Structure formats: structure tokens, C-alpha cells
Amino acid sequence: MSEMKEAKLKPNIISYSAGISACEKGEQWQRALALLSEMCEAKLEPDVIFSCNAGISACEKGRQWQMALSLLSEMWNMKLVPDSISRSAGILACGRSGLEQRAIWLLKEACNVQLESNVASFVDAIIIALRG
């Protein structure tokens, strides 16, 4: 991103999302959230899959359950509806941080909103989370 700015190129949603995704894969949760924040400051609207889910997953991989849940909650303020991947990453973040009860609560909440997605992904997330 800094090289783009130095070259007087304006980052767009695709470049920010690619950066966030790269940070998620590199387990750089702090940088992923910084890029997400920069994207919002640039008046670019994040999307569910490539921006928010990658940010939540980066937090999950970094065992930052508070940040994962904060971003999951913030999605509503951005007028984005969390999908099964968003919720699964939140469940994993809680479970891997030893917060099994909170993970189960998130699973129940997801079922209560009657997501059209595959419930098996939530069950898989709980099983993985409980294994640590």
C-alpha cells in the first residue's frame, strides 16, 4: 500500500482487500485491522467476504477473540450482514481462546437468525475450537 501511495496510485477496495487477505494468511491481525481502518477512512466500503471475513479470520488466527467479536459486531454498523464464514471465525476465535461457552452462544445466535448457510460449518468450527 505504501508503494502504491508513493507511486501516486490510489488504493481501491480490491487492493485493500488483497492486503487484508494477505495479512490474514500471514497471521498479521494488527496490520489487517489497520488496513481495514484505512479503507474506511478512504471512504471505501468494505465487503463481507474479502474485507471483514479476512479481518475476523486474522484476529482468530492471532487468538484475538475480543477483536474478532468487535469486528463481527462492527459489521452491522457498516450495514453488512455477517455470513457463515464471519460467524464461524468468531466461534473459532472464542473456542481457541478457551471461551467455549461464548463460542456455543455464538452458534446458538447464528441458528436463531436462521442463516441460509450450511449449519455444518458452525458445527465444524465448534469441534475445531473445542479441540484447541
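A residue is called buried when its relative accessible area is under 20%. This cut-off is a handy key to the predicted model shown here, in which 39% of the 132 residues of the protein chain count as buried.

The overall architecture is pleasantly simple to describe. The protein chain contains eight helices and zero strands, and its pattern along the sequence reads α-α-α-α-α-α-α-α. Among contacts between residues at least 6 apart in sequence, 59% join residues at least 24 apart. The surface exposed by the protein chain comes to about 7,600 Å², and carbon and sulfur atoms supply 55% of this area.

Helix H4 is a good place to begin a closer look. This helix spans residues 48-61, which makes 14 residues, and its first and last C-alpha atoms are 18 Å apart, close to the 20 Å expected at 1.5 Å a residue. The path of H4 is bent by about 25 degrees, with the bend at alanine 54. How much of H4 is buried? The count is 11 of its 14 residues, so the helix is largely enclosed by the rest of the structure. The buried set begins with Val48, continues through Ser51, Cys52, Asn53, Ala54, Gly55, Ile56, Ser57, Ala58 and Cys59, and ends with Glu60. Alanine 54, the site of the bend, is thus one of the buried residues. Cover for the buried residues of H4 comes from elements that include helix H2 (13-25), helix H3 (29-41), helix H5 (65-77) and helix H6 (84-96).

Both ends of H4 have details to notice. At its start, a side-chain oxygen of aspartate 47 comes to within 3.1 Å of the backbone nitrogen of phenylalanine 50. After the helix comes arginine 63, which has a positive phi near 55 degrees.

Helix H2, one of the elements that cover H4, can be described in a similar way. H2 has 13 residues, and the distance from its first C-alpha to its last is 18 Å, close to the 18 Å expected at 1.5 Å a residue. Its buried residues are Ser15, Tyr16, Ser17, Gly19, Ile20, Cys23 and Glu24, and they pack against helix H1 (2-6), H3 and H4. The N-terminal end of H2 is capped by asparagine 12, with a side-chain oxygen 3.0 Å from the backbone nitrogen of isoleucine 14. Glutamate 27 follows H2 and has a positive phi, near 55 degrees.

Where do individual residues of H2 and H4 meet? One meeting point is a polar contact of 3.0 Å between the side chains of serine 51 and serine 17. Serine 51 lies in H4, and with a relative accessible area of 0% this residue is buried. Beyond its neighbours within four places in sequence, serine 51 is in contact with Ser17, Ile20, Leu36, Met39 and Pro46. Two of these partners, Ser17 and Ile20, are themselves among the buried residues of H2.

Helix H6, another element that covers H4, contains serine 84. Serine 84 has a relative accessible area of 15% and is therefore buried. Its C-alpha atom is 8.0 Å from that of alanine 110, although 26 residues separate the two along the chain.

Finally, a database record can be set beside the model. An unreviewed UniProt entry carries the annotation "repeat: PPR" for residues 12-46. In the model, this span is 74% helix and 0% strand, and its end C-alpha atoms lie 10 Å apart.

Conventions
Residues are numbered from 1 along each chain as its sequence is written. This is a predicted model: local features need pLDDT of at least 70, side-chain atom pairs count only at pLDDT 80 or more; totals for chains, interfaces and linings use all residues. Side-chain values use heavy atoms; hydrogens and water are left out. Helices (H or I, at least four residues) and strands (E, at least two) are DSSP runs, numbered from the N terminus. The expected span of a helix is 1.5 Å times one less than its number of residues. The bend at a residue is the angle between axes fitted to the seven residues ending there and the seven starting there. Buried means under 20% relative accessible area, exposed over 50%, partly exposed in between (1.4 Å probe, protein chains only). Contact means heavy atoms within 4.5 Å. A polar contact is a pair of N or O atoms within 3.5 Å; within protein, one must be able to donate a hydrogen and the other to accept it, and residues adjacent in sequence count only if both atoms are side-chain atoms. Accessible areas come from the Shrake-Rupley method with a 1.4 Å probe; for residues, only the protein chains shown count as cover. UniProt positions are given in the numbering used here, feature names are shortened, and annotations may be inferred rather than shown by experiment.
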